[in-house]
Amino acid sequence: MTMRTSYGLTCTCGHKGTVKMSENDSPYSVSWESYSLDGFEGGTFSKEGAAAGWPEVFANLQPICPQCRRALTADNLSDH
């Protein structure tokens, strides 16, 4: 089964979006995670095996604010 989670992301200019994560939470199968962005420019990132940390996720997603063109980091994660 796939579990989906969204994490709020807010640029210092106030623009908001999300980091979307899907992960395999089925027992007795290979674990994996997949990340994408909603509301920000950047790539996608997938990983099998051990869980990825936020520094690795952001290094691969490379989120960019579409309003002010600023690069975002894990420090931009928010509760919204």
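**View 1. Q62 is exposed, at 54% relative accessibility.** The model is predicted. Q62 sits in the loop between α1 and β5. Setting aside neighbours within four places in sequence, Q62 is in contact with E41 and G42. F40 is 22 residues from Q62 in sequence. In space, the C-alpha atoms of Q62 and F40 are 9.6 Å apart.

**View 2. A salt bridge joins the side chains of R69 and E41.** The N to O distance is 2.8 Å. R69 belongs to the loop between α1 (54–61) and β5 (77–78), and E41 to the loop between β3 and β4 (45–48), so the pair ties together parts that are 28 residues apart in sequence. E41 is partly exposed, at a relative accessible area of 35%. E41 also appears in View 1, as a contact of Q62.

**View 3. K47 and E56 form a salt bridge.** Their closest N and O atoms are 3.0 Å apart. K47 is partly exposed, with 23% relative accessibility. E56 is partly exposed too, with a relative accessible area of 31%. The structure holds two salt bridges. Side chains of opposite charge can pair when their charged atoms come close.

**View 4. C11 and C68 are not joined by a disulfide.** The structure contains zero disulfides. For C11, the nearest cysteine sulfur is that of C68, 3.5 Å away. That distance is too far for a bond, because a disulfide requires sulfur atoms within 2.5 Å. A disulfide is a covalent bond between the sulfur atoms of two cysteines. The two residues also carry their own accessibility values. C11 is buried, at 4% relative accessibility. C68 is partly exposed, at 30%.

**View 5. Strands β1 and β2 make a hairpin.** Strand β1 covers residues 2–10, and strand β2 covers residues 16–24. The two pair in the antiparallel sense over nine bridges. Y7 stands opposite V19 of β2. Five residues lie between the strands. G14, in the turn, has a positive phi of about 105 degrees.

**View 6. Strand β2 also pairs with strand β3.** Strand β3 runs over residues 32–38. The β2 and β3 pairing is antiparallel, over six bridges. Here M21 stands opposite Y35 in β3. Strand β2 thus appears in two views, paired with β1 and with β3. Strand β2 is mostly covered, with seven of its nine residues buried.

**View 7. T18 is a buried residue, at 18% relative accessibility.** The cut-off for buried is under 20%. T18 is found in strand β2. Neighbours within four places in sequence are left aside here. T18 is then in contact with S6, Y7, G8 and L9, among others. Its contacts also include S36, L37 and D38. Y7, one of these contacts, is the residue that stands opposite V19 in View 5.

Terms used. Residues are numbered from 1 along each chain as its sequence is written. This is a predicted model: local features need pLDDT of at least 70, side-chain atom pairs count only at pLDDT 80 or more; totals for chains, interfaces and linings use all residues. Side-chain values use heavy atoms; hydrogens and water are left out. Buried means under 20% relative accessible area, exposed over 50%, partly exposed in between (1.4 Å probe, protein chains only). Helices (H or I, at least four residues) and strands (E, at least two) are DSSP runs, numbered from the N terminus. Two strands pair if DSSP finds at least two bridges between them. A salt bridge is a side-chain nitrogen of Lys or Arg within 4 Å of a carboxyl oxygen of Asp or Glu. Contact means heavy atoms within 4.5 Å.
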